[in-house]
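Dear colleague,

I am passing on the structure we spoke about, placed just below, and after it you will find my notes on what turned up in it. Please read them with the coordinates open beside you.

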Amino acid sequence: MTSCWSVQLISAELRSSKHWELSGEGTEIAEQGSHEARVFGSIPPQGLTQSDLMKLSFGKIGFSKAMSSKWIRVDKAHEGGPRVFRTVESIEDQVREKLLLVQRGNSSQLEEKEKNELKKRKLLSEVTVKSYWITKGSSFSTTITKQETELTPEMIASGSWKEKKFKPYNFQAMGVAPDCGHMHPLMKVRTQFRQIFLEMGFTEMPTNNFIESSFWNFDSLFQPQQHPARDQHDTFFLSDPALAHDFPQDYLERVKKVHSEGGYGSQGYKYAWKVEEAQKNILRTHTTAVSARMLYKLAQQEKFTPVKYFSIDRVFRNETLDATHLAEFHQIEGVVADRGLTLGDLMGILHAFFTKLGITKLRFKPAYNPYTEPSMEVFSYHEGLKKWVEVGNSGVFRPEMLLPMGLPEDVSVIAWGLSLERPTMIKYGINNIRELVGHKVNLQMVYDSPVCRLES
Amino acid sequence: MPTVGVKRDLLFTALGRTYTDEEFDELCFEYGLELDEITSEKEIISREQGGSKASGASDVILYKIDVPANRYDLLCLEGLVRGLQVFMNKMEAPRYRRVRPVSGEPQRLVITKETAAVRPHAVAAVLRNITFTQERYDSFIELQDKLHQNVCRKRSLVAIGTHDLDTISGPFTYTAKPPGEISFKPLNQTKEYTATQLMSLYKTDSHLKHFLHIIEDKPVYPVIYDSNGVVLSMPPIINGDHSKISLETKNVFIECTATDVTKAKIVLDMMVTMFSEYCAQPFTVEEAEVVYPDGKTCKYPELAYRKEKLSSEFINRKVGINESTETLARLLTKMCLRSEVTGAGDEIEVEIPPTRSDVIHACDIMEDAAMAFGFNNIPYTTPLTYTVAHQVGVSSCTVGRALTLAPPAVHIANPKTAEFQVARTTLLPGLLKTVAANRKMPLPLKLFEISDVVLKDETKDVGARNSRRFCAVYYNKSPGFEVIHGLLDRTMQLLEEKSARGDGYHIQAAEGKKGGGGGWHFRACRNSLNR
């Protein structure tokens, strides 16, 4: 029928109807009465021993049902063994009556509840009947011509294709999926960001060190040793190897001084800076540690040259885990070092960067970072949510960080950062970060995720 | 970011006008604050403990405002209002003054040498003729809490104690004694306890148990007595009940004990600048003397006003604007940094008040000028920095080495979970876990990862390095080794490596156990390194 339907010889309409039917057991009861009624019927006035009753085919089921309906009673202490007696004169076999109703086609007279109860006892079942109403189709004929499914080289060679009828393609079905590999969405988004940085002339920083010393991760960035971020609650410390060594000694002394006494125009933090604290190894909390190393290296050059650096790599924070936060994630960072850069320049470069992501409406909010001043949170307008959402953090590195390194005084360094996971989750509509990252990744999502075009 | 909860209507009364939520949100944004949440006590309890527990709670609207972590002067309603009023040119920043007592000697706090072992520093001050209302009292307590959590690093650096001066009499002694020798009735208790008993008592107190560790194992505990032997407090744990503050209190004695004296001074300055507003002579603080074990005397609170000179050219240059010296001086004054044009060229003299301990360098002043100007009013410019981009190349790829010996791993001291104990040294477990979690996917599963592992390396300054690895897994009903073999061959082909012993790569069986799951363990060796 389906093949006739598909070539429009006929048109078919699917109809389905439901009705109730008696099961085998149900039919038996309709004829002979329910088990419990038959139990009742088989008890003479003087009663019947329970053991005899149980020998009857309907005995077991009927007995318990008749007991619960209070039609019979058992005298357990009777001589000759437990004896079953009638408790009422007559009974109404409701079960049988209901089944008879259904048998005669009057099932609508019963309530749903009653029908479901009988269904539970396996006396009734609901049957769905599917039927097709067939009428003549638009191409009706009484002969059937076989349709070809495929064009073959022989047909072309012989020219016989001109007389053949071909089965139309079924465009409703999906085609054969090509065998291919898939990139993880995070990697796709990473590639896009990397592309954006390279287009803007940024050089990639070598970030292949997850392990960092507190010195480079915090102290060189002018983050004080008492800062809460350096707590056990926020940072992962190492037990092995526990301490770093080989610091550039005179630079370390300058860092110590600016923290504890001030200098370079600063009051400093005025606390006792300890080298033991700086030596502690950690899993880096930001890739800004790498930026610090790169800037220090830059400062050791004979002559200063302006630079633009970027990095996209993994960082680790000992934070509360929830649907959008894991202990490790990827940070995207951009850094520009040149003479005479202004806050306006930072905004300009942020505009250029975010425009490449398709974000043109930006707003800046004063913020606080221990190592930048001024600091700005970057907000963009989300058309869907109709509100401003934070898209990144930025700032101008403090002189207390740059001057001890040896960078010239008129050099300003501007920087900004954001996470990789957040734009990926927004782009691919993923709400739980565990579906994106880690072994519980949703592979189907990876197979199905589209090309990453960040500007749309 | 610290969050301050203030009652909206109290806030508006103090500000002298009402705002819509959007207007206030806008004001916060400009000032560098964030209106995080609009809620009420009832809503909070409802959310945390269920609707039934919330039935008696207050409906009063609360604004939860996020404040930058370095602005200790914005941690209470009083400070917020003052900051915002000055920002909006509605008032001038008050001048805070330390004054001598009207009659008699200043209160004295004598530090003995025993404290050096546990908590060496202390500072003190007096708020004279203060008037508390329920709201002011609540705010007073809240600020201490916020400062404790924030700059005091959960009381480990500084602990604040406030006392009703009329219930005690100086001079006060700050000393340290063995716990068994300290006995007093602590706040909200009905009988006396020794310090040892208090340590056990507070082990189950949800608020105080977090601070016990600061002094618990020390041979002596800090304690402050008055001249009659009444215990004012046992810092940083608890104050004495005797000197507790009530709504009727008129004179307050504040003491801060600390391991960091700079922070102690900042904290004391914050407490007194915020609440001296409610003294009979507003914004005056009565001095107190602290005597050190070596006999040195210091007067507190410091309430120092520091002056710094900078040029308007510096500000204009760093921000990227072009404002006159007078305008910049006015903008800075709006930020509670009172400024004047000195007349010497474009020089501005800025006075940094005791409430702005966050200003430690000219760049902090410059940021405030930019904030007052309005970040979003600054024209943005494109830096002319010309650079050519470089990419980091794919460095040496070590194929499948060291599978027989467990490589030296880096260990985490405070792992979050058992899964976090070492930094991974191989990519294989991660891929296998991914396969295990995705078993329902149609087979075969072909997964790969190119990523870093971490290895111990004594030649590095941190003692460890990353190593880039490539790992692939094939999972199917049949093992399909030839698939992985083929992948390896293709990869080598793309890297221009020949399949040959000697100058190229080859595969050989590894000694030792078979790999789990009945697979074979192979090693691919390569003689040439470093591409």
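L303(B) sits in the loop of chain B that runs between β17 (297-300) and β18 (306-311), and its phi is near 45°, a positive value in a residue other than glycine. As this is a predicted model, please take that backbone angle, like everything below, as a computed value. With a relative accessible area of 6%, L303(B) is buried. Chain A offers a similar case in F222(A), which is not a glycine yet has a positive phi of about 65°. This phenylalanine belongs to the loop between α10 (214-217) and β8 (238-240) of chain A, and at 0% relative accessibility F222(A) also counts as buried. I point these residues out because most residues other than glycine have a negative phi, and most peptide bonds are trans.

On the matter of peptide bonds, chain B has a cis bond between G170(B) and P171(B), with omega at about 0°, and P171(B) is found in the loop between β7 (158-164) and β8 (172-177) of that chain. Another cis peptide bond joins P235(B) and P236(B), where omega is about -5°; here P236(B) is in the loop that lies between β12 (231-234) and β13 (238-239) of chain B.

Turning to the interior, the largest nonpolar core has 155 residues, and those with the most contacts inside it are F193(A), F353(A), F24(B), L127(B) and L147(B). A second, separate core of 51 residues includes Y269(A), A292(A), F304(A) and Y309(A). In soluble globular proteins, nonpolar side chains tend to be buried together. For one of the residues in the larger core, F24(B), the contacts beyond its neighbours within four places in sequence are L11(B), F12(B), L15(B), Y19(B), L35(B), Y63(B), I65(B) and L84(B).

A292(A) also belongs to helix α13 of chain A, where it is one of the buried residues. This helix (residues 288-299) has twelve residues and reaches 16 Å from its first C-alpha to its last, close to the 16 Å expected at 1.5 Å a residue. Ten of the twelve residues of α13(A) are buried, so that the helix is mostly covered.

What does M205(A) touch, if residues up to four places away in sequence are not counted? Its partners are V290(A), S291(A), M294(A), Y309(A), F310(A), S311(A), V335(A) and, from the other chain, V392(B). Among these, V290(A), S291(A) and M294(A) are buried residues of α13(A). M205(A) itself lies in the loop between β6 (203-204) and β7 (211-213) of chain A and is buried, with a relative accessible area of 2%. The C-alpha atoms of M205(A) and G334(A) are separated by 9.8 Å, although the two residues are 129 residues apart along the chain.

As for charged pairs, the count comes to 49 salt bridges over all chains. In one of them the side chains of D313(A) and R284(A) meet at 3.4 Å, N to O; because D313(A) lies in strand β10 (residues 307-316) and R284(A) in the loop between β9 (281-283) and α13 of chain A, the pair ties together parts that are 29 residues apart in sequence. D313(A) is buried, with a relative accessible area of 12%, and R284(A) is buried as well, at 1%.

Another salt bridge is formed by R363(A) and E26(B), whose closest N and O atoms are 3.0 Å apart. R363(A) lies in strand β12 (residues 362-366) of chain A and E26(B) in helix α2 (residues 21-31) of chain B, so this pair joins two chains. R363(A) counts as buried at 15% relative accessibility, whereas E26(B), at 34%, counts as partly exposed.

On chain B, K113(B) and E114(B) meet through their side chains in a salt bridge of 3.6 Å, N to O, with K113(B) exposed at a relative accessible area of 62% and E114(B) partly exposed at 34%. Salt bridges that share partners also join E373(A), R398(A), E400(A) and D364(B) into one network.

Finally, at the surface, M183(A), M187(A), F448(B), I450(B), F470(B) and L487(B) make a nonpolar patch of about 520 Å². Of these, M187(A) lies in helix α9 (residues 185-199) of chain A and is partly exposed, with a relative accessible area of 32%.

With best wishes

Methods. Residues are numbered from 1 along each chain as its sequence is written. Chains are lettered from A and ligands numbered from 1 in the order in which they are written. This is a predicted model: local features need pLDDT of at least 70, side-chain atom pairs count only at pLDDT 80 or more; totals for chains, interfaces and linings use all residues. Side-chain values use heavy atoms; hydrogens and water are left out. Patches are made of residues with over 30% relative accessible area and no salt bridge: like charges are joined within 9 Å, nonpolar side chains (Val, Leu, Ile, Met, Phe, Trp, Tyr) within 5 Å. Accessible areas come from the Shrake-Rupley method with a 1.4 Å probe; for residues, only the protein chains shown count as cover. A salt bridge is a side-chain nitrogen of Lys or Arg within 4 Å of a carboxyl oxygen of Asp or Glu. Helices (H or I, at least four residues) and strands (E, at least two) are DSSP runs, numbered from the N terminus. Buried means under 20% relative accessible area, exposed over 50%, partly exposed in between (1.4 Å probe, protein chains only). A nonpolar core is a set of buried Ala, Val, Leu, Ile, Met, Phe, Trp, Tyr and Cys residues joined through side-chain atoms within 4.5 Å. Contact means heavy atoms within 4.5 Å. The expected span of a helix is 1.5 Å times one less than its number of residues.
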